Every structure is written in structure tokens, then in C-alpha cells.
There are 2 protein chains.
Amino acid sequence: MTTHPFTGAPDTDTQLDTAFPGDGLNRIDTALRSVEQLMFDIVDSDVDVLRDASRHILQAGGKRIRPRMVLLSHAATGSGDLSAAVPAAAAIELVHTASVVHDDINDHGVVRRGRPSVNSIWGRTFALLTGDFLFTKVYELMAPYGELNALFAEATIALVEGETLQASAVKDKNLSREVYHKIIERKTAALFKMGAELGGRLSAAPEKQLEALRLYGNNIGLAFQIVDDILDLTGDSEQLGKTAGIDIEQGKGFAAVQENGGNGGDPMDAFKARLMQGNRIQQGRQQAQMLVETGIAALDALPSTPYRDAMIELAQVVVNRSS
Amino acid sequence: MTTHPFTGAPDTDTQLDTAFPGDGLNRIDTALRSVEQLMFDIVDSDVDVLRDASRHILQAGGKRIRPRMVLLSHAATGSGDLSAAVPAAAAIELVHTASVVHDDINDHGVVRRGRPSVNSIWGRTFALLTGDFLFTKVYELMAPYGELNALFAEATIALVEGETLQASAVKDKNLSREVYHKIIERKTAALFKMGAELGGRLSAAPEKQLEALRLYGNNIGLAFQIVDDILDLTGDSEQLGKTAGIDIEQGKGFAAVQENGGNGGDPMDAFKARLMQGNRIQQGRQQAQMLVETGIAALDALPSTPYRDAMIELAQVVVNRSS
């Protein structure tokens, strides 16, 4: 990347020219701060509601797992300067943020990341437009990345397809194990997989490493979503920072798998009752653990660095988290 | 463009390799048929509702003014082979289509292009996701276009900003002449302006011609929207192919300008009453005519060809249309 990521002109932007200082993981933290700043800056607009609603959801925080994965993957494949990955890392987080804003419209979610959701403050119309705005800002951020846009587009298509499969499953009350896997592979794992690969591609990593990164990203993404669905069942709203129980109530998520046939009563009660009888939560945790272990094993294809260690740690955090 | 527009691989796709046969305007019609086919093909998905809803709105037709403008501009700046502009022309129509699908959610529109709107058939959730899907398909189509993506991103951002300004004006019941101009410049003219410029950029047209194309596109876009708003006031649903009167009812559009202050009654009735008293519709028609004339005059910067003549004719059709 020798051109400015927004204008295509030679890169003279001071923020992005800044070499990230320090050895080891300080570089990642510094780059993540640049990602935060870039996201905050790029959603600026003279249309107040778009700027305010975008910054509201961004300032609520979130785990930033996706941009962290891009940056770690980029560093772990040998990049000495992370600045080329910063706009892409911001873009992947904005895709996720846009999907969250639209998801909260469809689910009537009122709490997100511990704050009122965009739709609960600004209403559905402006929430829809804010999500669209964030999507267009992804496009702006990615414009300078040339052929990597095809990779990025593929993952965003999968995300929308996954969300749609989920909405269809809820509507049809038909969530088989196969459909559940297809849903989480597209709505969640596709973006993780692409993010991990993107970091490697920006380092011009060899195909063997890219293949390892794809497997790592995909498995961590699947595990992340399974754990998310479990937490949605077992957590409370305060701990999760979003409206808990929505996914169960709407017949989505892990515990709903093969649970929603032939029951005429309140699906929420039915799920909970069956859950207490079985050991599905433990099974889900085990499945997530296995996925993470396979993902970590794939990283053997990468040289041993503090960044690879951090990728292993990230994977473990994903599966062991309680919020 | 020597690479395949979707994969970035060397272009061996037979459809896009096809030289458009015939002299003169047959080439445009042939290219437009390729645009139709490409849009139909690109929205294919194993997620039934996304494929079906996308094809439903695409098959309803529409005027296809934006892709026509891209192709004419490309031909009028000397391109002997229009195939490089076909994916971009499809992308610009899909941006417009996505915005129409989301617009109908927010406006509760039930008829679009003479058919039931996506939201009226599939509901709001799937309509929202279909709009998102179309946006991601735009991204896929544009991925191979390199630096032109920055231009495209800028126009899509403007579109969302324009839609948001309009929703804000309706909510605040504050639609001044200045705000109206800002709204239509962004929500409509930005895409026309970009489309006209894009055609020229793909021909590597000189800056003087690009400047002319931007002025032409911008003015035709403004005129198009003014006429659209007038037709929304005066037309009936059958002729327009969409739910007529929505824009008036919601306090948007040309006739609503400076009409919605200090009236406590039904805004629909108030607009209509004032409309009959004044000559606002005639004023709007005159303004659109002036814009089109200035836009046409700018085309003097282009060589005299059947394509330039067709651009002039397109502009006249825009301002004189009755549906």
C-alpha cells in the first residue's frame, strides 16, 4: 500500500504514516487505537443523525475481535508496519457494526453493548439509514485495496445471506442442525475467516499460510457464535450488554436447534425446560473448544512470534469468555 | 479492463467478451440487455428469499436511466467496446434498486414499478435484508474497478445522506428551499453525476470532458427528481407504477417546499389546497427545463456522435416524461 487509503493519492496522511512504535504487542494496541480513531473520523457527516448514531454505537465499544484478528494475522505473517491494515481492520468492524444496527431493527433489540440501541433512540427509519451509511463507509475504506475487495465482498454477501437464513428459519420454525451450521458459518465465521486471510494477504503471505489463516478464522468464528448463543441463553442483559434472551425467544441460536418442532406452547419456556433436562450447553461448549483447538493447531504453519501467541490467546479468550 | 470483473482473473467470460454488434445505438441496446442479464445473474443465491425478492424488483423493470447514462457516456467519449462498462452500469442500477427497496420500508410503500413492493410481499425484515444483499452485490460488481471505487463510494454515501436529510426534514417538518436542493442533489443527482463521469473515466476521457459529464449528470439528476416529485403530486398510481401521493403525504418533495410551516391540519390537504392556488408545478417544470438545457449545453465539450445525440434526447425525455 503506497497510496492513501481514501483518495488513492500518494499516502501523505500523517496518521497512517505513523510507524507503530514499540516492540511486540504494543504495536497491536497502537494500531487498534488508530482503528478506533479512523472509525470515529470516517463516520463524520454534516447529516447530524448519521454521524451521531454511528458514533453512539461505535463509542459503546464492543470486543473489536475482528480488527484485532486482522492486525494480528498481518503481524504474524511478517509485516513490520501495520498501517496498511488499519483501514481494512476498521472496515471489517464497520461491516459488523452495520449488521448489528440492522439486526437490532429486525429483532426489536433495545440494548446493545450496554447502551440503548440505535433504533431505540432514533427509531427504525434512521437506524436503517445508519446501517446503510456504515455499509457505504466500509466501501469507502476498502476502495484503495484493489483485488482484495472481491474477498471482502464475498464475506459481506455471506453475512447477509446468513442473517437471512436465520430469519427464514425463525419464520418457518425450522432450525435443523445443518441449517444452524450454515447460518453461523455465513453470518459470523465468513467475516472472521476473511479477516484472518486479509491480514496475511496484506503481508503477501504464501498460500500455505493463507490456508492456515482461513481455517483459523473460520473455526474461531464458528466457536465465537456458538459461545455467543450459549451466553444468550445463560447470561443476563447486564453482563452481555445486549438484550438477553432475544435469540432464544425468537427461536434462533444453538439451543433452539432441533428444539422447535411439535410444541404448541411458549417456545421460550419450552427451550428452557428442555435445556435443563439435557446437557446441550455443555455439548456446545465442547464443540466450540474442539473448533478452537483445530484452529490453533493450524497456526503451526506460521513462524513462532509473539503475534502467533496472541492469536492463540485470542482464540482461547473467545471460547472461554463469559460475556 | 483486461480482467474478469468478478474474479479478477483474465477475462474469459463469454458474455462479457462478446463485442456488442452493430453500428450506432444498437450497441447501447445490446449492452443494456447484458446489464439486465448480469443483474439477474449476480443476485442468484441459494438463499431463496434473497434471490426471489431481488429478481422480483429487477423484473418489474424501471426506466434504467442510470445504466443507460453510463453506457452512453462511455460510448460518447470514444469507447469502441462497451463491455468494460457493463458491470459498472449494472452496479449503479443495483445501488438505486437497493435504495428503493429500503425506501419502501420506511415509507410503507406497497406498489413499486407497478408491482407489489418487496416489503409488502416478504415483510420488512426480508426487505431490509434484500436491500442489504443488493448493496453487497454492488460491492461485488465494482470490486475489479480499482480506483473508480472511491468515486462510486462517494456517490453511495451521498445517496444515503440525501435519504436521511429527507427523513429528517419530514420528521422536523422543516423543508426549506435550501434543504430541498441539498436533498435532491445527494439522494438523486450524485448517482447520475457519478454515472456520467464513470462512463468517461472508463474511456480515459480528458478532464474537460469529465467536467462536462459531471455537469450534465448532476443537472439531469436534479431535473429528474424535480419532475419525479411533480409527477408524485399530479400522477396516479397506475401511471407512475408506485404508490402515488406518499411523498406529499409525508411532507417530502418539491411541492412541500416552504409549505409545511404553521399549519396544524392534515398536511396532505394543506399541500393540495395551496397547490391549486399557486403555480408551483409550472415553476418546477421550468426549473427542470433550465437545468436540462444547461446540462445539454455542457455536452458541446464532446465530439458530435449519435451517442451524444442520444444523451441530449435522454435529457429531454427526463424532463418531458409523464410517468
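**Exercise 1. A residue close to the end of helix 14**

Where in chain A does A:Arg321 lie? Classify its exposure and relate A:Arg321 to A:Arg64.

Solution. This is a predicted model, in which local features need pLDDT of at least 70, side-chain atom pairs count only at pLDDT 80 or more, and totals for chains, interfaces and linings use all residues. Residues are numbered from 1 along each chain as its sequence is written, while chains are lettered from A and ligands numbered from 1 in the order in which they are written.

Step 1. A:Arg321 lies in the segment after helix 14 (306-320) of chain A. Helices (H or I, at least four residues) and strands (E, at least two) are DSSP runs, numbered from the N terminus.

Step 2. Exposure is read from C-beta atoms placed from the backbone: a residue is buried if 20 or more other C-beta atoms lie within 10 Å of its own, exposed if 12 or fewer, and partly exposed in between. A:Arg321 has 13 such atoms within 10 Å and is therefore partly exposed.

Step 3. A:Arg64 is 257 residues away from A:Arg321 in sequence, and the two C-alpha atoms are 14 Å apart in space.

**Exercise 2. Chain A as a whole**

Count the helices and strands of chain A, then state what share of its residues is buried.

Solution. Step 1. Chain A has 14 helices and 2 strands.

Step 2. Of its 323 residues, 54% count as buried.

Step 3. One of the helical residues is A:Ile230, in helix 9 of chain A. A:Ile230 has 20 C-beta neighbours inside 10 Å, so A:Ile230 counts as buried. The C-alpha atoms of A:Ile230 and A:Ile281 are separated by 6.4 Å, with their positions 51 residues apart along the chain.

Step 4. Residues are in contact if their C-beta atoms, placed from the backbone, lie within 7 Å. Among contacts in chain A between residues at least 6 apart in sequence, 69% join residues at least 24 apart.

**Exercise 3. Positive phi**

Place A:His108 and A:Ala204 in chain A and classify the exposure of each.

Solution. Step 1. A:His108 is in the loop between helix 5 and strand 1 (111-112) of chain A. Its phi is near 55°, a positive value in a residue other than glycine. A:His108 has 13 C-beta neighbours inside 10 Å and so counts as partly exposed.

Step 2. A:Ala204 is in the loop between helix 8 (177-202) and helix 9 (207-234) of chain A. Although A:Ala204 is not a glycine, its phi is positive, at about 55°. With 10 other C-beta atoms within 10 Å, A:Ala204 is exposed.

**Exercise 4. A helix pair inside chain A**

Describe how helix 5 and helix 6 of chain A pack.

Solution. Step 1. Two packed helices are described by the angle between their axes and the distance between the axes. Axes are lines fitted to C-alpha atoms, for helices over the stretch in contact, and angles run from 0 to 180 degrees between N-to-C directions.

Step 2. The axes of helix 5 (residues 86-107) and helix 6 (residues 118-142) of chain A come within 8 Å and cross at roughly 155°.

Step 3. Angles under 35 degrees count as roughly parallel, over 145 as roughly antiparallel, 65 to 115 as roughly perpendicular and the rest as oblique. Helix 5 and helix 6 of chain A are therefore roughly antiparallel to each other.

Step 4. The residues of this contact divide into 17 nonpolar, 5 polar and 3 charged. Here Ala, Val, Leu, Ile, Met, Phe, Trp, Tyr, Cys and Pro count as nonpolar, Asp, Glu, Lys and Arg as charged, and the others, Gly among them, as polar.

**Exercise 5. The two chains**

Find the relation between chain A and chain B, and list what chain A brings to the contact.

Solution. Step 1. A turn of 180° and a shift of 0.0 Å along the axis lay chain A on chain B with an RMSD of 0.0 Å; copies are superposed by least squares on the C-alpha atoms of residues with pLDDT of at least 70 in both. That is therefore the relation of a two-fold axis.

Step 2. A:Gly146 comes closest to the rotation axis among the residues of chain A, its C-alpha at 2.6 Å.

Step 3. In the contact, 35 residues of chain A meet 35 residues of chain B. Helix 3 (48-59), helix 5, helix 6 and helix 7 (148-172) of chain A each supply at least two residues of the side that touches chain B. Helix 7 of chain A gives the largest share, 12 residues.

Key
Two residues are in contact if their C-beta atoms, placed from the backbone, lie within 7 Å.
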